[in-house]
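This report deals with charged side-chain pairs and how far their partners are covered. The sequence and model are shown first.

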Amino acid sequence: MTAIYLLGSLLLQAVAAPTPRPLGKPDASLSHEFVRVFSLWERADGRVVLVDRGDELLAVADFGQRTVARLGRTGGGPEEYRFPGRLAPMAGDSLMVADDGNNRLVVLGPDLKIHRVAHSRAPGLQFGLSPRAVDRA
């Protein structure tokens with residue numbers, strides 16, 4: 001067992017650290033300060049839908065207008081969410097959002113309004129499911 005640990009530590013030492021690569025000057029910026037951006041998706045029109053887990057924020061950022069606007073509102077109702085999570089793109093510029101605080105999934109339509117809500121728990125599971133990908137159907 002000791003040989004495995006020794007071999008593992010030697011392999012870790014042999015891997016070179018990645019070389020930093022400058023990103024260059026940004027094309028645009030926002031004055032809004034985010035706490036912990038967890039998930040984001042760029043829309044076809046250039047705006048970015050994002051989840052900030054630190055602020056429990058589901059928002060759209062418009063770099064052209066330099067604005068950040070909250071989407072929906074916090075709560076447990078049909079057009080609300082609590083502690084948004086992972087975003088998964090769907091057909092027609094819609095997004096599925098894990099509503100982790102309510103153990104469900106919400107669908108944002110192309111108009112960025114909540115159109116559907118579904119429970120994220122499958123029968124027999126003790127935990128909710130979080131989307132990683134969505135097919136065209």
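Arg-43 is buried in this predicted model, its relative accessible area being 7%. That value falls under the 20% limit, so Arg-43 counts as buried.

Arg-43 takes part in salt bridges with Asp-93 and with Asp-45. In the bridge to Asp-93, the closest N and O atoms lie 3.4 Å apart. This pair links distant parts of the chain, with the two positions 50 residues apart in numbering. Arg-43 belongs to the loop between strand S1 (37-42) and strand S2 (48-52), while Asp-93 sits in the loop between strand S7 (84-89) and strand S8 (95-99).

Both acidic partners are partly exposed: Asp-45 has a relative accessibility of 46%, and Asp-93 has 30%.

A further salt bridge joins the side chains of Asp-99 and Arg-104. Here both residues are buried.

The three pairs described above are listed with their N to O distances.

| Salt bridge | Distance, N to O |
|---|---|
| Asp-45 and Arg-43 | 3.8 Å |
| Arg-43 and Asp-93 | 3.4 Å |
| Asp-99 and Arg-104 | 2.8 Å |

How many salt bridges does the structure hold? The count is 6, including the pairs in the table.

Which residues are joined into one network by salt bridges that share partners? The network consists of Arg-43, Asp-45, Arg-47 and Asp-93. Within this network, Arg-43 bridges to Asp-45 and to Asp-93.

Definitions and conventions. Residues are numbered from 1 along each chain as its sequence is written. This is a predicted model: local features need pLDDT of at least 70, side-chain atom pairs count only at pLDDT 80 or more; totals for chains, interfaces and linings use all residues. Side-chain values use heavy atoms; hydrogens and water are left out. A salt bridge is a side-chain nitrogen of Lys or Arg within 4 Å of a carboxyl oxygen of Asp or Glu. Buried means under 20% relative accessible area, exposed over 50%, partly exposed in between (1.4 Å probe, protein chains only). Helices (H or I, at least four residues) and strands (E, at least two) are DSSP runs, numbered from the N terminus.
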